[in-house]
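Colleague: I would like to learn how to read the features of a structural model, one feature at a time. Could we begin with the surface and then go on to the inside and the charged pairs?

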Amino acid sequence: MTDDIDYEIDAEDLPKRVERKELGSPSVIVDDVHITYRVFGARRGGTTQAKTSLINRAISAGRPDTGPITEVKAVRGVSFIAHHGESVGILGTNGSGKSTLLRAIAGLLPPTKGRVFVSAEPALLGVNAALLPRLTGERNITVGGLALGLNAREVRERTPAVADFAELGDFLYLPMSSYSSGMGSRLRFAISTMQTPDILMIDEALSTGDASFRKKSTERIEQIRDGAGTVFFVSHSLGAVRAMCTRALWIEKGQLVADGDVDEVCDAYHDFVQNRTNASAGANLNR
């Protein structure tokens, strides 16, 4: 058992296997993308810059000493092409760079090196979208809908459906600070799925709420997937990836390990995680 594969989702909660569609023109091109974070004051262990350039010394003049600067290479030379009509799963252990890559495709994080080309504005669907705790659920729906590109009339028309889907009841008119964590997660998901984009990116959305709401969320994702041109899906659930995707990318330590048929890549990834878990368990027993 490992956190890198989710065994929590029951088979009956999973969507039906997605039908393979005839692929259209390219919708996303990722060309040799690298993403490097610079961590100030971190302990040594990454790639630490021993020498500081004259410009960096000038910028740092007058600042308190923050310690060494460590470079964390989150994504390293990833390239692939996705097409309209394709559902692509992204697999990888914790910290492998999956979500970082997704944010780069969405335009939320500029690559350190390389380029990303998209045929339409991507939409990143996740349960971690920021909501404003002092505002009511109704006002958060309005803010979220406008941020997604809906106009005021469209937001007003869709607000009752969003509130009903999130099961808010009278809490719709109370501030978010009074919500439980489950209510907040349900509302985030409901707001994120108010419209169907041409390029949809789903980041761990199936872990939202209890089993009943998770089933509702998978059904909503199915509807969005059927209407979207291209879908990227990040999840630790191999069952969900197999059901919702026709192709899978496996990323490990920021590098693309495998790209191909969803079942073949999922099988290889499962074996990798199981072997790593068994090796770790054996090492603990030998101590």
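Colleague: Does V72 count as buried, partly exposed or exposed, and why?

Modeller: Bear in mind first that this is a predicted model. V72 has a relative accessibility of 37%, and because partly exposed covers the range between 20% and 50%, V72 counts as partly exposed. This residue belongs to strand β3, which covers residues 69–83.

Colleague: Which residues make a nonpolar surface patch with V72?

Modeller: Y37 and V39 join V72 in a nonpolar surface patch of about 210 Å².

Colleague: Let us turn to the inside. How many cavities of 30 Å³ or more are there?

Modeller: The general idea is that rolling a probe the size of a water molecule over the atoms shows where empty space is left. In this structure the count comes to one cavity of 30 Å³ or more, and the largest cavity holds about 80 Å³ of space. Its lining is made by 13 residues, of which K21, G85, E86, S87 and R225 are the closest to the centre.

Colleague: Which elements supply at least two residues each to that lining, and how is the lining made up by class?

Modeller: Strand β4 (86–91), helix α6 and strand β8 (230–234) each supply at least two residues of the lining of the largest cavity. By class, this lining has three nonpolar, five polar and five charged residues.

Colleague: Now the charged pairs: how many salt bridges does the structure hold?

Modeller: Side chains of opposite charge can pair when their charged atoms come close. The structure holds ten salt bridges, and one of them joins E71 and K73, with the closest N and O atoms 4.0 Å apart. K73 counts as partly exposed because its relative accessibility is 41%, which falls between the limits of 20% and 50%.

Colleague: Where along the chain do the partners E167 and K216 lie?

Modeller: In the salt bridge between E167 and K216 the closest N and O atoms are 3.1 Å apart. The pair links distant parts of the chain, since E167 is in the loop between α4 (152–165) and α5 (181–192) whereas K216 is in helix α6, 49 residues apart. E167 is partly exposed at 40% relative accessibility, and K216 is partly exposed at 23%. The backbone of E167 also deserves a look, for this residue has a positive phi of about 60 degrees although it is not a glycine.

Colleague: Which other residue has a positive phi although it is not a glycine, with a value of about 50 degrees?

Modeller: That residue is D32, with a positive phi of about 50 degrees. D32 lies in strand β1 (residues 26–40), and its relative accessibility of 29% is why D32 counts as partly exposed.

Colleague: Which helices does the salt bridge between R242 and D263 link?

Modeller: R242 and D263 form a salt bridge whose closest N and O atoms are 3.1 Å apart. The pair links helix α7 (residues 238–244), where R242 is placed, to helix α8 (residues 262–285), where D263 is placed, and the two residues are 21 residues apart. D263 has a relative accessible area of 24% and is therefore partly exposed. Salt bridges that share partners also join E86, R247 and D259 into one network, and E86 is among the residues closest to the centre of the largest cavity.

Technical notes: Residues numbered from 1 in each chain as written. Predicted model: local features only at pLDDT ≥ 70, side-chain atom pairs only at ≥ 80, totals over all residues. Heavy atoms only, no water. Patch = residues over 30% accessible without salt bridge, like charges linked within 9 Å, V, L, I, M, F, W, Y side chains within 5 Å. Areas by Shrake-Rupley, 256 points an atom, 1.4 Å probe, with all protein chains shown as cover. Salt bridge = Lys/Arg side-chain N within 4 Å of Asp/Glu carboxyl O. Helix = DSSP H or I, 4+ residues; strand = E, 2+ residues; numbered from the N terminus. Buried < 20%, exposed > 50% of the residue type's maximum accessible area, 1.4 Å probe, protein only. 1 Å grid on protein atoms, 1.4 Å probe; cavity = no way out; pocket = protein on both sides within 12 Å on 5 of 7 lines; lining within 4 Å. Points joined across faces, edges and corners; volume = space filled by probe spheres on them. Nonpolar A, V, L, I, M, F, W, Y, C, P; charged D, E, K, R; others polar.
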